[in-house]
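Hi there,

Here is the structure I promised to send over. Have a look at it first, and then read on for my notes.

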Amino acid sequence: MILFPNCKINIGLQVIAKRADGFHNLQTVFYPAKWYDAVEILPAPDGETTVRTTGNLVEAAPENNLCYKAWKILKNDFSHLPEVQFILHKAIPVGAGLGGGSADAAFVLKGLNAKFSLGLSAQKLIEYAGRLGSDCSFFITGRPAYAEGRGEILSNIELSLDGYSCIIVYPSVAVATAWAFGQVKPSLPVHDLRSAVALPVEEWRDKIFNDFERPIFSRFPQIEALKQQLYRAGASYASLSGSGSAVFAIFREDDFRLPVFPANYVTKIFRFSSGEQ
């Protein structure tokens, strides 16, 4: 079985309050994007679950990989779940705020459920995913969602970007999530995100913000320069995704002039389309 986990972008990200458990309450809109990893699930050659990675460097030990953790969390409840080998090809940049690791874990949950006939509903898979990561639950359905709590409380949102294209640019800088949250001062948002995202994309620029931009732009001025470069190129809306460091731009095909980026920047361009991840 081969799975192709896709990443996400955050349209707005507001850090509301620090929680007693050390996490933060936030508000954001998750939207699926077409940058993919690949995960193959094979029988374990030595009778022990392992993770082998190719592509982008993954520094975590195999037992700390979210694919392994997804298998382990199911194994705890389904003792008959066999040992497997995961071959994970990482194409989604790491530390970019695109949720690649969370996507891998969610797709593994779905894949194991299907491959070994565990009979888990989508809601139950969402509950398992929520135990693996704050944004992991989103990838079970992959539909646009308004997220609250740590990012695991999801509600449907009527949002379609059909007719727009997207460019995601990774400036070859990894931003540690823990560091980024430590730099943000929680506060109530100025604009209601639900209302703002219902406006035309061309009106988002002055109403939808990512709270991580201020500290990350201060630490990495080249990322702020990247966002401004995308606006000059004709983007309807541009923003940091998640806690960084990737920047995405939404644009209408006729209005965008592809900038020239440094050689070490990695880009992905795609067109949004309903029902397709």
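Below is what I found, going from the sheet to one residue, then to a pair of strands and the helices.

Please keep in mind that this is a predicted model.

Let's begin with the open sheet. Its 4 strands come in the order E2-E3-E7-E8, and the pairing is antiparallel. Strand E2 (6–18) and strand E8 (153–156) are the edge strands, each pairing on one side only. From one strand to the next, the twist averages 25°. As a reminder, the strands of a sheet pair through backbone hydrogen bonds, in either a parallel or an antiparallel way.

Inside that sheet, E3 and strand E7 (residues 145–148) run antiparallel and are joined by 3 bridges. If you want a spot to zoom in on, Phe30 stands opposite Ala145 in E7.

One residue of strand E3 (residues 24–36) deserves a line of its own: Gln27. Is Gln27 buried or exposed? With a relative accessible area of 18%, Gln27 counts as buried, because the cut-off for that is under 20%. What is Gln27 in contact with, leaving aside its neighbours within four places in sequence? The list is Gly12, Leu13, Gln14, Ile16, Tyr146, Ala147, Pro189 and Leu193.

Now for another pair of strands. Strand E5 (residues 50–55) and strand E6 (residues 84–90) run parallel, with 6 bridges joining them. Thr50, for instance, has Gln85 in E6 as its bridge partner. To get from E5 to E6, the chain passes through helix H1 (residues 66–75), and this β-α-β crossover is left-handed.

On to the helices. In helix H3 (residues 122–130), the buried residues are Leu125, Ile126, Tyr128, Ala129 and Gly130. Which helices help to cover the buried residues of H3? Among what covers them are H1, helix H2 (100–115) and helix H4 (138–141).

The packing of H2 and H3 can be described in some detail. Their axes lie 10 Å apart, at an angle of about 135°. So H2 is oblique to H3, and the crossing of the two helices is right-handed. The residues that meet here are Leu109, Lys110 and Asn113 from H2, and Leu125, Tyr128 and Ala129 from H3. Leu125, Tyr128 and Ala129 also appear among the buried residues of H3.

Happy to go through any of this with you at the screen.

Best wishes

Conventions: Residues are numbered from 1 along each chain as its sequence is written. This is a predicted model: local features need pLDDT of at least 70, side-chain atom pairs count only at pLDDT 80 or more; totals for chains, interfaces and linings use all residues. Side-chain values use heavy atoms; hydrogens and water are left out. Buried means under 20% relative accessible area, exposed over 50%, partly exposed in between (1.4 Å probe, protein chains only). Contact means heavy atoms within 4.5 Å. Two strands pair if DSSP finds at least two bridges between them. A crossover is right-handed if, with the strands pointing away from the viewer, the path from the first strand over the helix to the second runs clockwise. Axes are lines fitted to C-alpha atoms, for helices over the stretch in contact, and angles run from 0 to 180 degrees between N-to-C directions. Angles under 35 degrees count as roughly parallel, over 145 as roughly antiparallel, 65 to 115 as roughly perpendicular and the rest as oblique. A crossing is left-handed if the near helix is turned anticlockwise from the far one by less than a right angle, and right-handed if clockwise.
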